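Here is a friendly note to read alongside the model. Keep the 3D view open and look up each residue as you reach it.

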Amino acid sequence: MTASKTLYSFAALMVLVSPSVAQTPVPSDLLNQLIANAAQYRVTIPSLTADEFIESESSYRGLFRKKVQASGTFRAVRGAPGEPLKESRQLTTLNGRPVSPNVPVRLPVALFGGFGRFQEMFFTPEHVRCFAFTLMPEPGPGGTLQIAISAAHDLDSQPGCPSGYNGLTGLARVDRASHQLVHVERTLPNLPSNRGSASFASVDCAPTKVGEETFWLPTVVAGGTPKQFLRRKFVAHYSNYHRYVASVTLLPGAAEVDPSAAPAAAAQPVSTPR
């Protein structure tokens with residue numbers, strides 16, 4: 001069970017990207033492929049569990065610094081169809097010491113939302129018109145394609161576009177062969193410091209085998225407020241993915257019920273990696 005002083009939402013969150021001298025729009029076929037990939041991610045990613053290693057840090061004007069390292073199990077579980085994955089974490093160590101499952105752990109900063117719909121912030125038919133996408137001439141790490149992202153000049157007049165995104169900058173790195181996102185980030189420089197969101201957030205992804213299938217899944221999720229008086233930083237690394245399966249265990253004395261009915265109060269959900 002985990003509590004935190006500050007919870008961040010990726011959707012309201014993400015290094016400033018300098019515009020390229022040669023303003024080359026992203027080809028429409030590449031943009032359409034990224035939109036299709038985001039839609040596929042939404043419907044195909046199963047419920048997952050992974051090992052999580054966290055570095056969480058906060059300070060005020062460089063003073064009163066608090067930094068912790070924690071590790072445990074992270075879960076991203078499917079809810080109703082069309083909903084983003086529901087995220088939770090169970091921390092088992094804090095600064096190298098074991099943590100009791102019944103003791104709440106307070107992190108200086110905690111970030112949620114990196115597994116939900118991070119691609120969909122930019123790459124959906126509804127959101128793509130809210131941003132300008134520029135193909136950068138220089139390749140990124142590993143020869144990736146680099147796309148600079150900024151808020152559309154007519155953002156305020158576009159229906160359905162997120163409010164308060166003026167001044168937004170972002171960066172997407174795309175694998176040349178598969179056109180899958182390797183990295184996506186965004187910065188909101190004008191985000192008020194008193195909001196429960198981070199001005200910067202990013203997600204790194206890599207092809208990851210889960211059982212017999214391979215998915216492009218987050219390997220690093222980071223976020224924070226690096227340029228404010230109250231500085232916050234959160235970095236989480238993910239490995240050892242498995243499918244998360246909720247099974248039902250009937251406790252002694254529990255009555256047998258119709259599987260189509262609601263589960264009995266004595267039924268307990270159990271995480272079973274496979």
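The numbered points below go through a predicted model, starting with the sheet and ending with some backbone angles.

1. **The sheet.** A good place to begin is the open sheet of 12 strands, whose pairing is antiparallel. Going across the sheet, the strand order is 3-10-11-12-13-14-15-16-4-5-6-7. Which strands are at the edges? They are strand 3 (24–25) and strand 7 (97–98), each of which pairs on one side only.

2. **Strands 5, 6 and 7.** Try following this end of the sheet by eye. Strand 5 (residues 63–77) and strand 6 (residues 86–94) run antiparallel and are joined by 8 bridges. Within this pair, glycine 72 stands opposite leucine 91 in strand 6. Strand 6 then pairs with strand 7 over 2 bridges, again in the antiparallel sense. Here threonine 93 faces proline 98 of strand 7 as its opposite residue. Strands 6 and 7 make a hairpin with 2 residues between them, and asparagine 95 in that turn has a positive phi of about 50°.

3. **The helix on the sheet.** Now find helix 1 (residues 28–44). This helix lies across strands 10, 11, 12, 13 and 15, and its direction is at about 100° to strand 15 (213–225).

4. **The nonpolar core.** The largest nonpolar core has 56 residues, and those touching the most other members are Phe115, Phe122, Phe123, Phe133 and Ile147. Helix 1 gives the most to this core, with 6 residues. As background, nonpolar side chains tend to be buried together in soluble globular proteins. What does phenylalanine 123 touch, leaving aside its neighbours within four places in sequence? Its contacts are Leu31, Leu34, Ile35, Ala38, Phe133, Ile149, Ala172 and Leu181.

5. **Histidine 183.** This residue belongs to strand 13 (residues 181–187). Is histidine 183 buried or exposed? Its relative accessible area is 9%, and buried means under 20%, so histidine 183 counts as buried. Its side chain makes polar contacts with two other side chains: glutamate 185 at 2.6 Å and aspartate 204 at 2.4 Å. Beyond its neighbours within four places in sequence, histidine 183 is in contact with Leu171, Ala172, Arg173, Ser202, Val203 and Asp204. Threonine 144 is 39 residues from histidine 183 in sequence, with 9.6 Å between their C-alpha atoms.

6. **Strands 13 and 14.** The strand that holds histidine 183 is joined by 5 bridges to strand 14 (residues 200–210), and the two run antiparallel. One of the facing pairs to look for is threonine 187 opposite phenylalanine 200 in strand 14.

7. **Serine 56.** You will find serine 56 in strand 4 (residues 48–60). With a relative accessible area of 0%, serine 56 is buried. A polar atom of its side chain lies 2.7 Å from the backbone oxygen of valine 109. Setting aside neighbours within four places in sequence, the residues in contact with serine 56 are Lys66, Lys67, Val68, Leu107, Pro108, Val109, Lys233 and Phe234.

8. **The disulfide.** How many disulfides does the model have? The count is 1, and this disulfide joins cysteine 130 to cysteine 161, with an S to S distance of 2.0 Å. The link is left-handed, with -90° about the S-S bond. Cysteine 130 sits in the loop between strand 9 (110–112) and strand 10 (131–135), while cysteine 161 sits in the loop between strand 11 (145–151) and strand 12 (169–174), so the pair ties together parts that are 31 residues apart in sequence. Both cysteine 130 and cysteine 161 are buried. Cysteine 205 is also buried, at 7% relative accessibility.

9. **Positive phi values.** Two residues other than glycine deserve a look here. Histidine 179, in the loop between strand 12 and strand 13, has a positive phi near 60°. At 24% relative accessibility, histidine 179 counts as partly exposed. Asparagine 240 has a positive phi near 55°, and its place is in strand 16 (residues 230–243). Asparagine 240 is partly exposed too, with a relative accessibility of 44%.

Terms used
Residues numbered from 1 in each chain as written. Predicted model: local features only at pLDDT ≥ 70, side-chain atom pairs only at ≥ 80, totals over all residues. Heavy atoms only, no water. Core = buried A, V, L, I, M, F, W, Y, C linked by side-chain atoms within 4.5 Å. Buried < 20%, exposed > 50% of the residue type's maximum accessible area, 1.4 Å probe, protein only. Helix = DSSP H or I, 4+ residues; strand = E, 2+ residues; numbered from the N terminus. Contact = heavy atoms within 4.5 Å. Polar contact = N/O pair within 3.5 Å; in protein donor to acceptor, adjacent residues only side chain to side chain. Disulfide = S-S within 2.5 Å. Pairing = 2+ DSSP bridges. Axes fitted to C-alpha atoms, helices over the stretch in contact; angles between N-to-C directions.
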